[in-house]
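Me: I have a model to read and want the reasoning behind its labels. Please set each value against its cut-off.

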Amino acid sequence: MSARIEADAGQPGRHAAGLFASAAMHRDSNGNALHAPVLVLNASYEPINVCAARRALVLVLKGVAMTEEENGHFLHAARIAMRVPSVIRLLEYRRIPHQSRALSRKNILLRDRNTCQYCATVLPSSELTLDHVIPRSRGGSSTWENLVACCHACNRRKGNQFPLEAGMKLMREPRAFNLHTSRHIMRLMGRSDDKWRKYLFY
Ligand SMILES: [Zn+2]
């Protein structure tokens, strides 16, 4: 999962991309090291994003970010050995738009943490659907405030009714995805990583 909040720094440079094409992970590292999540901090140390280690290394190689914490793995490529970061920090401050997340199925499920908002069942994305709280047939729109993660059983039960008519209740009021929500997700992800803690738990 990537809690992305527009910390994108363009496409990987040609040099960096080439380096990865011929990169071989150290024997001691596990093959997933390049996919490990890396916490991205703004120049101000504010956590703003999570990306894969591979992308974090590209940002470091391009001089866009610097490594703040390492994850203990090495990347061996050409004659370079690079420590794989666990936390990186952008060298230039980026203004983070107040609300920059696109409305998408993926982001709605992320916001609702793959939990049916009516019966609280946690399911894989493939077993969840999106429910229009106010049904489309009755004027409901496709917005952050009117879309929630929903299991198929609840979706069938609700049909073209308002939650109240179906005797169903939302776990919580759906809201737009904002930095607060994102930080919450970053905290959930960082719970197991001691190196993330000092940047997230304040
Ligand atoms: Zn349900």
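Me: How much confidence does the predictor place in the chain?
Reply: This is a predicted model. The mean pLDDT of the chain is 80, and 79% of its residues reach 70 or more. Among the elements, helix H4 (residues 152–158) has the highest mean pLDDT, 97, and strand E1 (residues 24–25) the lowest, 44.

Me: What makes residues 1–18 a stretch to treat with care?
Reply: The pLDDT over residues 1–18 is below 50, although the model gives this stretch 45 contacts beyond near neighbours in sequence. Residues 21–30 also stay under 50, with 14 contacts beyond four places in sequence. Where pLDDT is low, the predicted coordinates should not be read in detail.

Me: Which atoms coordinate the zinc ion?
Reply: The SG atoms of Cys116, Cys119, Cys151 and Cys154 do, at 2.3 Å. The cut-off for a donor is 2.8 Å from the metal, so these four sulfur atoms count. Their spacing in sequence is C-x2-C-x31-C-x2-C. Cys119, in the loop between helix H3 (105–111) and strand E6 (128–132), and Cys151, in strand E7 (residues 147–151), are 32 residues apart and link distant parts of the chain.

Me: Why is the arrangement around the zinc ion called tetrahedral?
Reply: The four donor atoms subtend angles of 102 to 115°. Four donors need all angles between 85 and 135 degrees, so the arrangement is tetrahedral.

Me: How do you know whether Cys151 is buried or exposed?
Reply: Its relative accessibility is 8%. Buried means under 20%, so Cys151 counts as buried.

Me: And why is Cys119 called partly exposed?
Reply: Cys119 has 36% relative accessibility. Partly exposed lies between the 20% and 50% limits, therefore Cys119 takes that label.

Note on methods
Residues numbered from 1 in each chain as written. Predicted model: local features only at pLDDT ≥ 70, side-chain atom pairs only at ≥ 80, totals over all residues. Heavy atoms only, no water. pLDDT = per-residue confidence, 0-100. Helix = DSSP H or I, 4+ residues; strand = E, 2+ residues; numbered from the N terminus. Contact = heavy atoms within 4.5 Å. Donors = N, O, S within 2.8 Å, 3.2 Å for Na, K, Ca; no water. Tetrahedral: all angles 85-135°; square planar, octahedral: opposite > 155°, others 65-115°. Buried < 20%, exposed > 50% of the residue type's maximum accessible area, 1.4 Å probe, protein only.
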